[in-house]
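Visitor: I should like to learn how a structure of this kind is read. May we go through it feature by feature?

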Amino acid sequence: EVSSLLDLQGGREVAESELQFAGLVAFGSPCKAEAADTVRSLDDAGIRCAMLTGDALPTACHAARAAGLIKGDLKQPLLELQGGCWQQTTIGEEVESHTQKLSYPLNEAGKLTAEGNALLAATEAELDAAGEQAWSEAACHATVLARMSPLGKARLVQLLKTSDGSNGSGRGKVMMVGDGGNDVGALAASDAGLALRGGPRLEITATDFFDDAKMKTRWQQLQQERAKQQQAAVQESVALQSQWLQGELERQKNTGQVGFGQLFALLGEARRRTAQASKEAAKQFESRAEEASAVAPFAARSLLAAPELVRQGQRTSCSMVMQTQHLVLGD
C-alpha cells in the first residue's frame, strides 16, 4: 500500500498531505547499566575505547555520552568528518550560532586527539566518500563511528590491527565487544572477541575475581536490576494473556457461544498461551547472543567482563614471561 501511494502523481508530497496528526511514538534503548563502569576501568588502564554502531550519529553520540566515552563536562570540541575534513559539530555539545566552527585537515586526526584538543566522529558514508586514508585515520583516532555496516565494522578492526597504533607506539591488540549478528565480522577479525549474552543470571556468582571492591558491588547491583527486569517482563506477558482471555470470554458471551465445553477449552488455551508467553519473556535477553558467541572465543553476560579479560590476559602474559625466564636460566 505504501509503494502504491508513493507511485501516485506528486509522489510523497501527495501521499503525506491532508493527514490528521495522531501522536508521536518514541523508542528508547538505554546503555547497559555497567557501561560507564566498564569504560572507566578501561580508561584508567590507558586503553583506548571507541564505539562502532549502526545507529545514526546523534543517537551514537548520546549513547557515547551515557557510557562515558564523551564526558559530560566536555571541553574539547566534537569534530565530525564532513567533506573530507574534520569539522566542528553541534552533536554532543551546544555551539553558539555566532561562534566560528573549527575545521581541520583529514591528516591532523592524530595530532588533535594526542593533544586532547578534540574528539572525532564519522559515519561510514563519509569515510567511503573521503577514501582509504579517512578509514585509517578514523580507525586509529575516532571515538564514535556511526551508521556502520557489518562489513564496515570488520574493516575498521582489520585496519586497527595493522596500524601503528593511535600514538605511533607500534601495533597493539584489538578487543571487540558485540552482542548480535551485525558484530560477527568484527568479532572474528579482532584479536579478542567478546560476545555479550543478553540474559541475566538470577543468582549472584563469580564476583571474587574482581579486584576492585566497587566493581564487585556494581556487579551485584547489576544482577539484581536485570532480575527485576526479567520478572517485570514475565508479569507483563501474563497480564497480556489475561486481557486476551477476558476479551475472548466477552466475545463468546456476546455471540451466545458460552458453554462448559467452550469455557474449559478457552481456559486450557489461556494456560497454554500464558506458559508460552512467560517462557518467551524469560528468554528475551538471550535472543541476539547466539550468532555473536558462535564466532567469539569469549562470551559473558556483562560488559564488566571486558576489563576483567584484560586483567586476566595481562596476568597470563606475565606468567608466561616468568616461566620463559626460568627456562632460560635452567638451560
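Guide: The following conversation takes up the interior, the surface and the salt bridges in turn. Please keep in mind that this is a predicted model.

Visitor: Let us begin with the interior. Which residues of the largest nonpolar core touch the most other members?

Guide: The general idea is that nonpolar side chains tend to be buried together in soluble globular proteins. Here, the largest nonpolar core has 28 residues, and those touching the most other members are L81, W86, L120, L127, L145 and L156. At least two residues of this core come from each of β2 (78–82), α5 (109–114), β5 (119–123), α7, α8 (150–162) and α9 (184–189). The element that gives the most is α7, with four residues.

Visitor: What does L81 touch, beyond residues up to four places away in sequence?

Guide: With those residues not counted, L81 touches W86, L106, A121, A122, E126, L127, A130 and A134. Apart from the core just described lies another one, of 18 residues, and V144, A146, L196 and L303 are among them.

Visitor: I notice T143 as well. Where does T143 lie, and is T143 buried or exposed?

Guide: T143 is in the loop that runs between α7 (132–141) and β6 (144–146). T143 counts as buried because its relative accessibility is 10%, and the cut-off for buried is under 20%.

Visitor: Which residues is T143 in contact with, leaving aside its neighbours within four places in sequence?

Guide: The contacts of T143 are C49, A50, M51, L69, L119 and L120. One of these, L120, has already been named among the core residues that touch the most other members.

Visitor: Now to the surface. Which residues form a nonpolar patch there?

Guide: The patch is formed by L249, L263, F264 and L267, which together have about 330 Å² of accessible area. Helix α11 (residues 260–282) gives the most to this patch, with three residues.

Visitor: How is L267 classed, and where is its place?

Guide: L267 has its place in helix α11. Because its relative accessibility is 31%, L267 counts as partly exposed.

Visitor: Let us turn to charged side chains. How many salt bridges does a search of the whole structure find?

Guide: The search finds four salt bridges. In one of them, the side chains of D44 and R40 meet at 3.8 Å, N to O. Both residues belong to helix α3 (residues 35–44) and are four residues apart, about one turn of the helix. D44 is exposed, its relative accessible area being 58%, whereas R40 is partly exposed at 34%.

Visitor: What does R155 form with D128?

Guide: R155 forms a salt bridge with D128, and their closest N and O atoms are 3.8 Å apart. This pair links distant parts of the chain: R155 is in helix α8 and D128 in helix α6 (residues 124–130), 27 residues apart. R155 counts as partly exposed at 31% relative accessibility, and D128 is partly exposed with a relative accessible area of 45%.

Visitor: Which residue forms a salt bridge with R155 at 2.5 Å between the closest N and O atoms?

Guide: That residue is E132. E132 lies in helix α7 and R155 in helix α8, so this pair ties together parts that are 23 residues apart in sequence. At 43% relative accessibility, E132 counts as partly exposed.

Visitor: What do salt bridges that share partners make of D128, E132 and R155?

Guide: Through such salt bridges, D128, E132 and R155 are joined into one network.

Notes. Residues are numbered from 1 along each chain as its sequence is written. This is a predicted model: local features need pLDDT of at least 70, side-chain atom pairs count only at pLDDT 80 or more; totals for chains, interfaces and linings use all residues. Side-chain values use heavy atoms; hydrogens and water are left out. Buried means under 20% relative accessible area, exposed over 50%, partly exposed in between (1.4 Å probe, protein chains only). Contact means heavy atoms within 4.5 Å. A nonpolar core is a set of buried Ala, Val, Leu, Ile, Met, Phe, Trp, Tyr and Cys residues joined through side-chain atoms within 4.5 Å. Patches are made of residues with over 30% relative accessible area and no salt bridge: like charges are joined within 9 Å, nonpolar side chains (Val, Leu, Ile, Met, Phe, Trp, Tyr) within 5 Å. Accessible areas come from the Shrake-Rupley method with a 1.4 Å probe; for residues, only the protein chains shown count as cover.
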